[in-house]
Amino acid sequence: MTDPDVFRAIADPTRRQIMALLASGDLRVSDIASRFDMSRPAVSKHLALLESAQLIRVERQGREAINCLNPDGLKPVAEWLTFFSQFWDDKLLKLKQAVEGSDD
């Protein structure tokens, strides 16, 4: 999967909520579905998209599918944010220097 798939996956608030749930611990599909006002197949579609974007892992335990957060899948997002954080740090430093320099 490419980086845009990660951004597409986290663009949806339901998928972000699912990831937040999984940050607290691994859950079965039924455990996740019970926390949303949608059908289990709809939750499964969200989980499939998160898995294809490598944001979660699905581990099989017998007939159960256990969903686990994969924080490494967020690396493209972190790298993107780091780029813009550095951009704004540079802009703010230049603004600070300009403001402090004008007081002399």
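## Exercises on a predicted model

Ala 48 sits in helix 4. The structure you are looking at is a predicted model, and the exercises below walk you through parts of it.

### Exercise 1: Ala 48

Work out whether Ala 48 is buried, partly exposed or exposed, and how far it is from Ala 9 in space.

*Solution.*
- Step 1: The relative accessibility of Ala 48 is 42%.
- Step 2: Buried means under 20% and exposed means over 50%, with partly exposed in between, so Ala 48 counts as partly exposed.
- Step 3: From C-alpha to C-alpha, Ala 48 and Ala 9 are 10.0 Å apart in space, while 39 residues separate them in sequence.

### Exercise 2: The sheet

Find the order of the strands in the sheet, and say which strands stand at the edges.

*Solution.*
- Step 1: The open sheet is made of three strands, in the order 1-3-2, with antiparallel pairing.
- Step 2: Strand 1 (27–28) and strand 2 (56–61) each have a single partner strand, so they stand at the edges and one side of each has no neighbour in the sheet.
- Step 3: Now look at strand 2 and strand 3 (residues 64–69): they run antiparallel and are joined by six bridges.
- Step 4: Within this pairing, Val 58 is opposite Asn 67 of strand 3.
- Step 5: Helix 2 (residues 13–23) packs on the sheet and touches strand 1, strand 2 and strand 3. The direction of helix 2 makes about 95° with that of strand 3.

### Exercise 3: The aromatic pair

Identify the geometry of the aromatic pair formed by Phe 7 and Trp 80, and say which parts the pair ties together.

*Solution.*
- Step 1: Searching the whole structure gives one aromatic pair.
- Step 2: The ring centres of Phe 7 and Trp 80 are 5.7 Å apart, and the ring planes are at 70°.
- Step 3: Planes over 60 degrees apart count as edge-to-face, so this pair of Phe 7 and Trp 80 is edge-to-face.
- Step 4: Because Phe 7 belongs to helix 1 (residues 3–10) and Trp 80 to helix 5 (residues 75–102), the pair ties together parts that are 73 residues apart in sequence.
- Step 5: Phe 7 is partly exposed, with a relative accessible area of 29%; Trp 80 is also partly exposed, at 46% relative accessibility.

### Exercise 4: Gln 54

Locate Gln 54 and describe its phi.

*Solution.*
- Step 1: Gln 54 is found in the loop between helix 4 (40–52) and strand 2.
- Step 2: Although Gln 54 is not a glycine, its phi is positive, at about 65°.
- Step 3: With 47% relative accessibility, Gln 54 counts as partly exposed.

How values were computed:
Residues are numbered from 1 along each chain as its sequence is written. This is a predicted model: local features need pLDDT of at least 70, side-chain atom pairs count only at pLDDT 80 or more; totals for chains, interfaces and linings use all residues. Side-chain values use heavy atoms; hydrogens and water are left out. Two strands pair if DSSP finds at least two bridges between them. Helices (H or I, at least four residues) and strands (E, at least two) are DSSP runs, numbered from the N terminus. Contact means heavy atoms within 4.5 Å. Axes are lines fitted to C-alpha atoms, for helices over the stretch in contact, and angles run from 0 to 180 degrees between N-to-C directions. Rings of Phe, Tyr and Trp (its six-membered ring) pair if their centres lie within 6.5 Å; planes under 30 degrees apart count as stacked, over 60 as edge-to-face and the rest as tilted. Buried means under 20% relative accessible area, exposed over 50%, partly exposed in between (1.4 Å probe, protein chains only).
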